[in-house]
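Open the model in a viewer and keep the selection panel at hand. The stops below go from one selection to the next.

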Amino acid sequence: MFFSYLQNNLLQFAGQSIVARIRKDLFAHIFKLSMSYYDKTPSGSLITHVSSDTETLNQFFTQVLLSLVRDGMTLIFIIVLMFHLDPQLTLYSMIVIPIIVLIAVSFRRYMRKTYQLSRTRLSQMVAFAAENLSGMHLIQAFHQEKEQMSRFSERNHSYFRANLREIRTNVLFNRSFDILGNLSVAFITWIGGMAVFDKAIEFGVLYAFITYIRQFFQPINNITQQWNTLQSTTVSMNRIWHIFSIVPEVKDKENPAKMTLESVKGDIRFDHVRFGYQKDRTIIDDLQLHVEPGEMIGIVGTTGAGKSSLISLLCRFYDVEEGSIQIDGTDIRDIPQSMLHRMVGLVQQEPYLYAGSIMDNVRMFDETISPEFVVEACRLVGADVLVGRMKDGYETRISERGSGLSAGERQLISFARIIVFQPKVLILDEATANLDSQTEQLIQSALQVVAEGRTSLVIAHRISTIMHANRIIVMRQGQIVEEGNHTELLKLHGYYEQLFLYAQGNMDKAHSASSIRESV
C-alpha cells in the first residue's frame with residue numbers, strides 16, 4: 001500500500017508537472033503568433049490543443065511509461081526463468097516475437113490515422129460550439145436554433161463515428177494478441193507434450209513452462225493495451241509540436257531600436273506602403289501619408305477601402321509587403337512589439353471586456369496602476385456616471401465580453417482603459433459606430449481631452465465624428481483620393497461630398513422616422 005501510494009503520487013506529480021509546463025509554453029507561444037494565423041485558425045481548434053491534447057500527454061507519463069518499465073522488467077525476468085527451465089522450448093516460444101512486432105507495425109499506421117481523424121473531428125466540433133456560443137444573440141435573433149442544432153448534430157455524429165472506428169481498431173488490435181497468446185500456449189503444449197511422451201522433459205517442467213508462457217503474454221497484453229494510448233499520445237504530440245513549429249510572421253529584430261515612451265513625439269509616416277492579405281490581392285497600394293505630432297487625422301471611405309488595414313499595419317498586426325511605416329523616423333519593424341503597443345493605443349468598434357471587476361478591466365489587471373487614476377480616467381470619459389449606478393461601484397464584477405452592459409457602456413470603459421495607459425498615438429477604429437447620439441457627445445468631449453498632445457487617427461462612418469479633425473483623408477480602393485479639412489473637401493465637390501450628402505440623407509431619414517413615431 002505504501003509503495004503503491006508513493007508510486008502513483010510520484011508519477012502523477014511528474015506527469016502533471018510536465019504537462020502543466022507544456023500547456024503553459026503552448027499558451028505563451030499562441031500569444032506570440034501573428035494575427036494572420038488567427039485569421040485562418042478556428043479558436044475551438046486551439047482550445048482543443050490547449051486542453052484535450054495536453055491532457056492526453058499526461059496519460060503517457062502516468063500509464064504508458066509505468067507499463068513500459070514494470071511490464072518490460074516482468075517480461076525480461078520471465079524469459080530468463082524460461083531459459084533456465086528449458087532453452088529449446090524457450091526458443092520455440094520466441095517465434096511469436098517477430099509475429100508480435102509484425103502486428104504492431106501493421107496496425108501502427110492505421111491506428112495513427114484513426115486517432116488523427118478522431119482528434120480532428122473533436123476539434124471541428126469544439127470550434128463549431130465556440131463559434132455558436134459567441135454568436136448566440138444572432139442565432140436567436142434570426143431563429144437559427146434548429147439549423148445550427150442540425151449542423152452541430154452532423155459534427156457530433158461524425159465525431160461519434162470516428163470514436164467507434166477508434167474503439168473497433170483497439171479491440172481488433174488487443175484481441176489479436178489474445179488469440180496469439182492462446183495459440184502459443186497450444187503450440188507449446190503440443191511440442192512439450194511430445195517431449196514428455198518421449199521422456200525428454202518431465203511433466204512438472206512442462207506444467208511450469210506453460211504457466212510462464214501465460215505470464216509471458218500478460219505483460220505483453222498490458223504493453224499492447226498501452227500501445228493504443230501511445231498512438232493517441234503521438235497524434236496529440238504531433239498536433240502540439242505543429243503549433244510550436246509555427247514561426248510568427250511578425251517578429252522583433254535581434255537588435256531593436258532603443259526608444260523610451262517618454263521620448264516619443266508621435267510623428268507618423270507611411271512611405272510607399274503596399275499590402276494585401278493574400279499575395280494576389282492588393283488592399284493598399286503605394287500609399288503615402290505623413291501625420292504631424294499632435295495632429296488629429298480623420299479617415300473615411302466605404303467598406304473595403306483599406307481604412308482598418310491601414311490601422312492594423314500601424315499597430316503591426318501585419319507587416320507591409322513594400323515600403324515602410326515610421327514613428328519619429330524609426331521603422332516600426334525596428335521597434336519591439338511590446339514598446340510599440342504601449343506607444344499606440346487602439347479602441348475598436350467592438351471592445352473586449354474580461355470577466356472581472358470594472359477596476360480590473362480599466363487597468364487590465366495591472367495593480368501598479370492606482371485606483372485613483374482609474375477613477376479619474378472614468379470621470380474624463382463620463383463612465384463614472386455608469387459606475388455610480390452599479391451596486392459595488394468599481395468592484396462590480398462583469399461577465400465575459402461585458403454581457404449586461406450596453407455597447408456604449410462597454411465603449412466608455414475601453415476609452416477609460418486607453419486614458420489609463422497613456423499612449424502617444426491614439427487610434428479609434430469605428431469606436432463611436434455603436435453609440436447613441438448622447439453617448440457619442442460624451443465620447444467627443446472626452447476625445448478632445450484625450451487627444452490633446454497626442455497624435456490621433458480616427459476612422460469613422462459618421463462624418464460628424466471627424467468633422468473637427470485637423471485633416472481628413474478619404475480612402476478608396478486602398479489609396480488616398482482626397483485630403484484636407486472638412487470645409488476644403490466640401491469645396492472640391494468630390495468623393496467626400498458624396499459621402500457627406502449620403503450621411504446627411506440617412507440622418508434626415510432617421511429624424512423623419514423619429515418624428516413619425518412621436519406623432520403616432
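Where in the chain is the place of Ala469? Select Ala469: it sits in the loop between α16 (463-466) and β11. This is a predicted model. Ala469 has a relative accessible area of 6%, under the 20% limit, and therefore counts as buried. Neighbours within four places in sequence aside, Ala469 is in contact with Met296, Ile297 and Gly298. Now add Gly329 to the selection: the C-alpha atoms of Ala469 and Gly329 are 24 Å apart, with the two positions 140 residues apart in sequence.

**The six-stranded sheet**

From the loop, move on to the open sheet of six strands, ordered β6-β9-β10-β3-β11-β12, in which the pairing is mixed. At its edges stand β6 (344-347) and β12 (479-484); each has a single partner strand, so one side of each lacks a neighbour in the sheet. Neighbouring strands here are turned by 20 degrees against each other on average, direction ignored.

Select β9 (residues 425-429) and β10 (residues 455-459): these strands run parallel and are joined by five bridges. Within this pair, Ile427 stands opposite Leu457 in β10.

Next, show the helices that lie across this sheet. Helix α14 (residues 407-421) crosses β6 and β9, running at about 175 degrees to β6. Helix α9 lies across β3 (296-300), β6, β9, β10 and β11 (471-476), and runs at about 145 degrees to β10.

**The four-stranded sheet**

The next selection is an open sheet of four strands, in the order β2-β1-β4-β5, with antiparallel pairing. Its edge strands, β2 (284-291) and β5 (330-331), each pair on one side only. Colour β1 (residues 268-275) and β4 (residues 322-327): five bridges join these antiparallel strands. Asp271 has Ser324 in β4 as its bridge partner. Helix α9 (residues 307-314) packs on this sheet as well, touching β1, β2 and β4, with its direction at about 115 degrees to that of β1.

**Salt bridges**

The structure holds 11 salt bridges. Start with Arg239 and Asp53, whose side chains meet at 2.8 Å, N to O. Arg239 belongs to helix α8 (residues 203-245) and Asp53 to helix α3 (residues 43-85), so this pair ties together parts that are 186 residues apart in sequence. Arg239 counts as buried at 9% relative accessibility, and Asp53 counts as buried at 0%.

Then select Asp334 and Lys253, another salt bridge with an N to O distance of 2.8 Å. Asp334 is in the loop between β5 and α10 (337-343) and Lys253 in the loop between α8 and β1, distant parts of the chain, 81 residues apart. Both are partly exposed: Asp334 at 23% relative accessibility and Lys253 at 46%.

A third pair is Arg379 and Glu376, which meet at 2.5 Å, N to O. These two are three residues apart in helix α12 (residues 371-381), and so are separated by about one helical turn. Arg379 is partly exposed, at 45%, as is Glu376, at 33%. Finally, select Asp252, Arg316 and Asp319, which salt bridges with shared partners join into one network.

**The nonpolar patch**

For the last stop, show the surface of Tyr92, Ile95, Ile99, Phe187, Trp190, Met194 and Phe197, which make a nonpolar patch of about 740 Å². Which helix gives the most to this patch? With four residues, that is helix α7 (residues 145-197). Trp190 lies in α7 and, at 54% relative accessibility, counts as exposed.

Technical notes:
Residues are numbered from 1 along each chain as its sequence is written. This is a predicted model: local features need pLDDT of at least 70, side-chain atom pairs count only at pLDDT 80 or more; totals for chains, interfaces and linings use all residues. Side-chain values use heavy atoms; hydrogens and water are left out. Patches are made of residues with over 30% relative accessible area and no salt bridge: like charges are joined within 9 Å, nonpolar side chains (Val, Leu, Ile, Met, Phe, Trp, Tyr) within 5 Å. Accessible areas come from the Shrake-Rupley method with a 1.4 Å probe; for residues, only the protein chains shown count as cover. A salt bridge is a side-chain nitrogen of Lys or Arg within 4 Å of a carboxyl oxygen of Asp or Glu. Buried means under 20% relative accessible area, exposed over 50%, partly exposed in between (1.4 Å probe, protein chains only). Two strands pair if DSSP finds at least two bridges between them. Contact means heavy atoms within 4.5 Å. Axes are lines fitted to C-alpha atoms, for helices over the stretch in contact, and angles run from 0 to 180 degrees between N-to-C directions.
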